[in-house]
Amino acid sequence: MSVHFRKLALIGIGLIGSSIALAARRQGLVDVISVMTRRQETLEEARALGLGDIYTRDAAEAVRGADLVILCAPVGAYDTLAQAIAPALEPGAIVSDVGSVKEHVVKVVAPHLPPTVHFIPGHPLAGTEHSGPSAGFPELFAGRWCVLTPGSDVPEAQTARLAAFWRAMGSNVECMDAAHHDMVLAITSHVPHLVAYNIVGTVADLEAATQSEVIKFSASGFRDFTRIAASDPVMWRDVFLTNRDAVLEMLGRFLEDLSVLQRAVRNGDGDSLEAMFTRTRAIRRSIINAGQETAAADFGRPHEAPPAPETKIVRDHGGGDDA
Ligand SMILES: NC(=O)C1=CN([C@@H]2O[C@H](COP(=O)(O)OP(=O)(O)OC[C@H]3O[C@@H](n4cnc5c(N)ncnc54)[C@H](O)[C@@H]3O)[C@@H](O)[C@H]2O)C=CC1
Ligand SMILES: O=C(O)C(=O)Cc1ccc(O)cc1
């Protein structure tokens, strides 16, 4: 299905908004892109990057005449933004979003919208730990899933149009119920981020001497948590404020399972540990087979020349210069 929109309004222009601008432009999916953000500095950054055609800090002005509006701000800003755009929305427009939670979005956005628009919440399951307009790139959505959660009142043809827009940017698209989305994402995304924030936070609280060793020897496992724990603080604050029930449900299960592992370690129960680690290895293999990760070591990072080797002899019997 070929797809084309006259005017795309992006409300918020960080990693996701800028990636949509670049991908939609590259694929020729829109004639005009209007860019709205709250801060003048971010607007100027977007302008310097050439992400749109119209730049404004006025959300209503951005959506006027738009046949596709996508909210791309942290979800905590949605209520105010929906109120601001509602009076200026074009009848027949599709209003969507990219927020990481969906039930809350329906709750705070839908009541403000006129019945003449089609509200189809969305969530591209694609991102990085970087934020802001310069973090975006047009390939971000390629091969990744985008979940749409249309209400039962939305005509199928409108959902099909939005799905075609995401497919044209390289995404696979699946529709589901907002509550189901929030439960699935709680365990695949939200709890893993909480665990990463927690383990990196534990290190941040260690005394300075131990902390510097953790940083130095981080490639032993810790490093891979730090990428996730470097994700945008405002965006993730909003996720945990707005998907509380599903996160608490999945966190409860996680903590129960962690206790089982704790007992196995305490009891020296090697059979249980090995059985568990064998099951988890199989999960990673299926993610690779599904094309959602590469099998390359180091999370597919290109290998750079390592820094010059440093050898240090550490004595555990105290004293002396160990250089
Ligand atoms: N970062 C990620 O990996 C992913 C994020 N998302 C969702 O996408 C949305 C945007 O996230 P990112 O682009 O990563 O964030 P970001 O921090 O890179 O960009 C957010 C942008 O929103 C705008 N903004 C912030 N507060 C605003 C306000 N009060 N009013 C108007 N505009 C405001 C600014 O333009 C800012 O650059 C969030 O709702 C997030 O849950 C979805 C998938 C992946
Ligand atoms: O950077 C990563 O690994 C992510 O997990 C990206 C991400 C963050 C938030 C989402 O709602 C979807 C994808």
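Domain bounds here come from an automatic or database domain assignment. On that basis, the chain splits into domain 1 (5-176) and domain 2 (181-293). Keep in mind that this is a predicted model. Two ligands come with it, and here's a quick tour of the domains, one of the sheets and the surroundings of each ligand.

**Domains and annotation**

- The C-alpha centres of domain 1 and domain 2 sit 30 Å apart.
- Where the two domains touch, domain 1 puts in 15 residues and domain 2 puts in 17 residues.
- Looking at just the domain 1 side of that contact, you get five nonpolar, seven polar and three charged residues.
- UniProt, in an unreviewed entry, lists the feature "domain: Prephenate/arogenate dehydrogenase" at residues 6-295.
- Over residues 6-295, helix makes up 52% of the chain and strand 13%. The C-alpha atoms at the two ends of this stretch are 41 Å apart.

**A three-stranded sheet**

- β7, β8 and β9 form an open sheet in the order β7-β8-β9, and the pairing is mixed.
- β7 (122-124) and β9 (172-175) are the edge strands, each pairing on one side only.
- Ignoring direction, neighbouring strands of this sheet are turned by 20 degrees against each other on average.
- In general, strands of a sheet pair through backbone hydrogen bonds, either parallel or antiparallel.
- For β7 and β8 (residues 145-148) the sense is antiparallel, over three bridges.
- If you want a spot to zoom in on, G122 has L148 in β8 as its bridge partner.

**Around ligand 1**

- Ligand 1 is surrounded by 27 residues, and the closest are G12, G14, T37, G127 and S131.
- Which elements supply at least two residues each to this shell? They are α1 (15-26) and β7, so-called edge strand of the sheet above.
- α1 gives the most, with three residues.
- By class, the shell around ligand 1 comes out as 13 nonpolar, twelve polar and two charged residues.

**Around ligand 2**

- S100, L125, A126, G127, T128, E129 and S189 are the residues around ligand 2.
- This shell divides into two nonpolar, four polar and one charged residue.
- G127 turns up around ligand 2 and is also listed among the closest residues to ligand 1.
- S100 lies around ligand 2 within the bounds of domain 1 (5-176), while S189, also around ligand 2, falls in domain 2 (181-293).

Notes:
Residues numbered from 1 in each chain as written. Chains lettered and ligands numbered in written order. Predicted model: local features only at pLDDT ≥ 70, side-chain atom pairs only at ≥ 80, totals over all residues. Near = placed C-beta within 6 Å. Nonpolar A, V, L, I, M, F, W, Y, C, P; charged D, E, K, R; others polar. Contact = placed C-beta atoms within 7 Å. UniProt positions renumbered as here; feature names shortened; annotations may be inferred. Helix = DSSP H or I, 4+ residues; strand = E, 2+ residues; numbered from the N terminus. Pairing = 2+ DSSP bridges. Axes fitted to C-alpha atoms, helices over the stretch in contact; angles between N-to-C directions.
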